[in-house]
Amino acid sequence: MTSSIFTTTRTTGAFPDAQFIKPAEALPEAICFNEAVATQSVIISGDAPRVNIPYVDTDPTAKVVAEGAEIAQSETTLNQITIATHKIAIIIPFSNESLRYSDAAALVEDGATRAMTNKADNLFLSAAVDTTAGTPAGIANLDGLTTETPTKLTDLSPVLNVLAKTTDNGANPTSIVMRYSTWARLMGLTAADGRPFIEPDVTTSAAPVLFNVPVVFNSQAPADTILTLSAKDIIVSASKIEAATSTDALFSRDSSLMRLTMRLGFGVIHPERLGKVVLPSA
C-alpha cells in the first residue's frame, strides 16, 4: 500500500522538512480508524498526554404526543471521558542516493506506514496497561468486558452468547475482531453430521460476517481471543502525524533520517457493551 505520505517533487528527501498528515489518511488500514470498530473524536493538538472528550451518556427519549398537545423536552445527560494518549514514533535512516529512485522511496514509505500501523493496532487491541506511563490497556485487556471463557470449543455458542449479552446491555455490535488463525479454528468446527457451523460461502467471502456482524481480521489481536465491538462505545482521538527529515545527524555518511511521530488515545464509555471470548487451548 502506498499512501503518498512522503511524496514530494523535491530531491532533498522523501518529503518536505516537516509536514502534518491526518492520521486516518496516513494510516488508513489502522484498525482504530475503522468506522465499524470505533468512533473518531477530536484531533489531538500538540503533545497532550490526556484528552477530555464529551459524549451523550443518556440518549434522548421520543414520546407519543396527542395532536395539539405541548411536546415536553427530552432530558439528555452529558458526560465526558478522560483518555490517556500514547506517543508513537519511528526514525528510519536512508541514503540520500536511494531517494533518487522512486521505487526506493516507495519502499521506505511503505515500511514506515506498516510499522506505525502495527504499533497503533497493538496498542489499541492488546497492549497491557502501563501504570508508570499512565497509558491505557488495549481493548482486550480492559476491565468490565462481557466475557465468555469456554473450557471446550464445540460450537459458536460462546460468540453468540456475548453478542446477546452485550446487546442486552445496550450495545449495537458493529464488528467482530480476531486473528485469522482464530477464524481458522472457528471454520474447523463441525456439527455431529459433519456439517460446518460456518458455511463455505462465508469462509471464502472477501467481507465475512458472523451472526450478521462484520468480521475484521487483525494480526495484533490477542491469540485465541474474539472481540465483539460496538463502535459507538469506543472513542478514538489521535493527533496529526508529524513527518520530518534531517540531513545533519548522518551528514558524514551522505544519509538522512526520517522521523514520524503521533499521539493516539482511546477510551470505552460502556465496557459491558464490548464482548470478549477467550478460547481454550487448541
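**Notebook: strands, helices and cores**

I opened with the β7 and β8 hairpin: two residues lie between the strands, and Phe211 in the turn has a positive phi of about 55 degrees. I keep in mind throughout that this is a predicted model.

I then looked up how these strands pair. β7 and β8 run antiparallel to each other, with two bridges. Leu210 sits opposite Val213 in β8. β8 also pairs with β6, here in the parallel sense and over three bridges. On that side I noted Val177 opposite Val216 in β8.

**Confidence check**

How far can I lean on the model? I found a mean pLDDT of 84 for the protein, with 88% of its residues at 70 or more. Residues 1-16 are where I tread carefully, as pLDDT stays under 50 there. The model still has 43 contacts beyond four places in sequence for residues 1-16.

**Helix α3**

Next I went to α3, which has 12 residues. I got 16 Å from its first C-alpha to its last, close to the 16 Å expected at 1.5 Å a residue. Just past this helix comes Gly170, with a positive phi near 105 degrees.

Which residues of α3 are buried? I listed Pro158, Val159, Val162, Leu163 and Thr166. Looking down the axis of α3, I saw the buried residues fall within an arc of 135 degrees, so they line one face of the helix. What do the buried residues of α3 pack against? My list has β5 (146-148), β6 (175-178), β7 (209-210), β8 (213-217), β9 and β13 (275-278). My hairpin strands, β7 and β8, are thus among the partners of this helix.

I picked Pro158 for a closer look; it belongs to α3, residues 157-168. Is Pro158 buried or exposed? I count Pro158 as buried because its relative accessible area is 7%, and buried means under 20%. Leaving out residues up to four places away in sequence, Pro158 touches Glu148, Pro150 and Val277. I also took the C-alpha to C-alpha distance from Pro158 to Thr147: 9.1 Å in space, for 11 residues apart in sequence.

**Nonpolar cores**

I turned to the largest nonpolar core, which has 41 residues. Which of its residues touch the most other members? They are Phe124, Ile139, Val177, Met262 and Leu264. The elements giving two or more residues to this core are β4 (77-95), α2, β9 (225-229), β10 (234-239), β11 (241-246) and β12 (255-268). The largest share, seven residues, comes from α2.

I followed up Met262 from that group. Not counting residues up to four places away in sequence, Met262 touches Pro23, Leu27, Phe33, His86, Lys87, Ile88, Met116, Ala238, Ser239, Lys240 and Ile241.

There is also a second, separate core of 17 residues, including Val159, Ile176, Trp183 and Leu210. I had already met Val159 among the buried residues of α3, and Leu210 opposite Val213 in β8.

**Thr117, to finish**

My last stop was Thr117, in helix α2 (residues 102-125). I call Thr117 buried because its relative accessible area is 9%, against a cut-off of under 20%. What does Thr117 touch, not counting residues up to four places away in sequence? I found Leu27, Glu29 and Ala30. Leu27 was familiar to me, as Met262 touches Leu27 too.

Note on methods:
Residues numbered from 1 in each chain as written. Predicted model: local features only at pLDDT ≥ 70, side-chain atom pairs only at ≥ 80, totals over all residues. Heavy atoms only, no water. Helix = DSSP H or I, 4+ residues; strand = E, 2+ residues; numbered from the N terminus. Buried < 20%, exposed > 50% of the residue type's maximum accessible area, 1.4 Å probe, protein only. Contact = heavy atoms within 4.5 Å. Core = buried A, V, L, I, M, F, W, Y, C linked by side-chain atoms within 4.5 Å. pLDDT = per-residue confidence, 0-100. Expected span 1.5 Å × (residues − 1). Arc of directions from axis to C-beta. Pairing = 2+ DSSP bridges.
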